[in-house]
Amino acid sequence: YLVAALDVRREQQDERMSADTYRELGMVDQQAGNAVDAKTLYLRAVELHERFDDRYGLAVTYHQSGDLAEGEDDLQTAKGWYQRSLDVSMSIGNKYGICRNLLMIARVSRLQKDIKGALAALERSSAAGCFSSDTFFASTLTLEFDELLQAAAPSDKAAISLARGRCLAG
């Protein structure tokens with residue numbers, strides 16, 4: 001279906017709409033384990049989103065590229081994509097994108113053993129109000145704090161516990 005949609009959009013010379021289709025095809029390839037093809041499709045989508053200044057589409061594609069890199073255990077690249085997505089999400093006021101990317105940056109930072117970076121991202125997400133009205137983000141924040149406490153050195157646990165209390169208290 002998506003390939004047929006892309007063919008129609010090519011025939012109509014509708015590159016703007018093709019960007020979303022490239023991203024969706026990339027997601028299909030990513031789910032199928034075809035990382036190389038997914039990366040190629042995401043990069044084509046990024047190129048088109050940039051050309052047409054589609055910042056929402058760009059933020060989503062950057063995020064998907066981060067998911068792909070994280071799935072390949074390329075944590076530094078993943079963090080870069082999530083940061084780019086966060087920057088664009090902030091520029092357009094997309095609160096969901098801001099919250100989602102801050103959580104991903106926190107997780108990747110934790111996996112990189114960057115406890116301070118993970119804590120900073122979690123505190124930023126709380127300050128942005130990501131969790132006050134969304135139970136998914138609230139439970140994810142709680143889980144991420146728990147994971148961070150497990151990964152932290154004993155000397156960092158008190159600061160993380162205090163931050164956790166502040167963030168979860170709202």
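## Exercises: disulfide, helix and core

The structure holds 1 disulfide (a pair of cysteine sulfur atoms within 2.5 Å). This is a predicted model: local features need pLDDT of at least 70, side-chain atom pairs count only at pLDDT 80 or more, and totals for chains, interfaces and linings use all residues. Residues are numbered from 1 along each chain as its sequence is written, and side-chain values use heavy atoms, with hydrogens and water left out.

**Exercise 1.** Characterise the disulfide.

*Solution.*
- Step 1: find the partners. They are cysteine 99 and cysteine 130, with sulfur atoms 2.1 Å apart.
- Step 2: place them. Cysteine 99 sits in helix α6 (residues 95-111), while cysteine 130 lies in the loop between α7 (115-127) and α8 (135-151). Helices here are DSSP runs (H or I, at least four residues), numbered from the N terminus. The two cysteines are 31 residues apart, so the pair links distant parts of the chain.
- Step 3: assign the hand. The link of cysteine 99 and cysteine 130 has -95 degrees about the S-S bond and is left-handed.
- Step 4: check burial. Both cysteine 99 and cysteine 130 are buried (under 20% relative accessible area, 1.4 Å probe, protein chains only).

**Exercise 2.** Classify cysteine 167 as buried or exposed.

*Solution.* Its relative accessibility is 10%, so cysteine 167 counts as buried.

**Exercise 3.** Test the span of helix α4, then its surroundings.

*Solution.*
- Step 1: take the extent. Helix α4 covers residues 55-71, which is 17 residues.
- Step 2: compare the spans. The first and last C-alpha of α4 are 24 Å apart, close to the 24 Å expected at 1.5 Å a residue. The expected span is 1.5 Å times one less than the number of residues.
- Step 3: judge enclosure. In α4, 13 of the 17 residues are buried, so the helix is largely enclosed by the rest of the structure.
- Step 4: look past the end. Aspartate 73 follows α4 and has a positive phi, near 60 degrees.

**Exercise 4.** Describe the nonpolar cores.

*Solution.*
- Step 1: define the set. A nonpolar core consists of buried Ala, Val, Leu, Ile, Met, Phe, Trp, Tyr and Cys residues joined through side-chain atoms within 4.5 Å.
- Step 2: size the largest. It has 35 residues, and Leu122, Phe145, Leu148 and Ile160 have the most contacts inside it.
- Step 3: trace the suppliers. α4, α5 (75-92), α6, α7, α8 and α9 (154-169) each supply at least two residues of this core. α6 gives the most, with 8 residues.
- Step 4: find the other core. A second, separate core of 6 residues includes Tyr22, Leu25, Leu41 and Ala45.

Key:
Buried < 20%, exposed > 50% of the residue type's maximum accessible area, 1.4 Å probe, protein only.
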